[in-house]
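Visitor: I would like to go through this model one step at a time, with the reasoning shown for each answer. Could we begin once the structure is on display?

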Amino acid sequence: MVNQNFSSMDSSNPMLIPPEKFAAPKESLTEQLFIERSLTENKFWLRIMKEHAYFLGEGFNKKDKQLIQQTDRFHQFFEEQEKKAYQTPNNVTAVRKLNEDTIQLVYGFRNFKRNLLLLIINCKISGFNFPLLVDHIAREAEYFMRTLKKFNEGILDPIQDSIIKENVFWLRIMMEHSRFIASLLDQSERNLVITARKFADDFEVLLNQARDVESMLYKKSPTYPIIGKLNQDSENAATELRNFKQAGLELIKSCQIRNVIEPLLADHVVREANHFLNMIHVLDERLKVKKEEEQKKS
Ligand SMILES: [Fe+2]
Ligand SMILES: [Fe+2]
C-alpha cells in the first residue's frame, strides 16, 4: 500500500524527478575541432611529460641507477612522440592513431609516477622528489590521457560540466605551483615567499569554491551566470599568477634572486598557466555560443 502511494506520487510531482534528467546532453566533436584540439594537446603535453621525466631523473638519489635509466627512456620516448605530433597531417585517421599511441605511452608513465610515489612515501627510496610533486605530475598525466580518450570517443561534455571539471583540475594545479615556488625560493627572499604563499591561499579559496559549484551543478540543468563567473574569476587569478611566474622566470634567468628553481621548471609552470588560460578562453567561447542560443529560444 505504501509503495503504491509512493510510486503514484513519484510520476506526478516534478520536484521528485531526478534533476540530472534536465542536464544538457553531451555534444559531438566536429572533425576540424577534433584535429585542432588533439594536435594542440599533444604538442603541449608531450613536451610537459618529457620535462617531467627530466625533473624526476634529477631528483633521484645517485645510487638509484635503474630509476634514472627508466626516466631517461621516458624522456627519449616523449621526445620522439612530440616530434610525431608536429609531423602528423591534418587528417582524422592519422590524428586518431597519434592519440592512441600517446595514450599508451602516457599510461606507462602515469603508472611509473604512481608506483614511484608509493616507494617514496613508504621510505623505500630517498632523494629530492617531493611526494606532492610526484602526485601532481601523475595527475597531469591522468588529465592528458582523459582528454585524449574523450577526443577519440568524439565526445564533448556539456559546457557547464566542462567548465566545472577543467577549473577543479587546473585551480588545484595552480595552487600547488604557488606552494612549490614558495618552498623552492630561498627563504631569505622574504617578500617573494610571502607573495607565492598568498597566491596559494587565493587559489585554495577558488578551488574550494569550484568544488562547491561542482557539488551543486555538475550534471544539472544549465545555470550559465554562475558558471560564467567561475570561469571569469579563474581567468583573473590565473593571469596574475602567470605574470608573477613570468617575472620570476626573468629574475631567475638573470640570477637576481636566490633560489633552487631550475629555469626549465620556472618556464614549465609559466607554460602550464598559459595553457590553463587558453583552456579558459576555449570554454568561454563555447559558453558565449550557448548563451546566444538560449537567448534566441526565449
Ligand atoms: Fe607539469
Ligand atoms: Fe604542473
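Visitor: Which helices are included in what covers the buried residues of H9?

Guide: This is a predicted model, and in it the buried residues of H9 include Leu265, Val269, Ala273, Phe276 and Leu283. What lies over the buried residues of H9 includes helix H2 (31-59), helix H6 (159-184) and helix H8 (224-253).

Visitor: Is H6 roughly parallel or roughly antiparallel to H9?

Guide: The two helices, H6 and H9, pack with their axes 11 Å apart and at an angle of about 160°. Since angles over 145 degrees count as roughly antiparallel, the orientation of H6 relative to H9 is roughly antiparallel.

Visitor: How many residues of the contact of H6 with H9 are nonpolar?

Guide: On the H6 side the contact involves Ile159, Ser162, Ile163, Glu166, Trp170, Ile173, Met174 and His177, and these meet residues of H9 among which are Val269, Phe276, Arg286 and Lys290. Divided by character, the residues of this contact of H6 with H9 comprise four charged, two polar and, as the number asked for, 11 nonpolar.

Visitor: What span should the 35 residues of helix H9 have, and how far apart are its end C-alpha atoms?

Guide: Helix H9 covers residues 263-297, and at 1.5 Å a residue its 35 residues should span 51 Å. That expectation agrees with the separation of the end C-alpha atoms of H9, which is 52 Å.

Visitor: Is Phe77 buried, partly exposed or exposed?

Guide: Phe77 belongs to helix H3 (residues 65-87), and 18 other C-beta atoms lie within 10 Å of it. Because a buried residue needs 20 or more such atoms and an exposed one has 12 or fewer, Phe77 is partly exposed.

Key:
Residues numbered from 1 in each chain as written. Chains lettered and ligands numbered in written order. Predicted model: local features only at pLDDT ≥ 70, side-chain atom pairs only at ≥ 80, totals over all residues. Helix = DSSP H or I, 4+ residues; strand = E, 2+ residues; numbered from the N terminus. Expected span 1.5 Å × (residues − 1). Contact = placed C-beta atoms within 7 Å. Axes fitted to C-alpha atoms, helices over the stretch in contact; angles between N-to-C directions. Parallel < 35°, antiparallel > 145°, perpendicular 65-115°, else oblique. Nonpolar A, V, L, I, M, F, W, Y, C, P; charged D, E, K, R; others polar.
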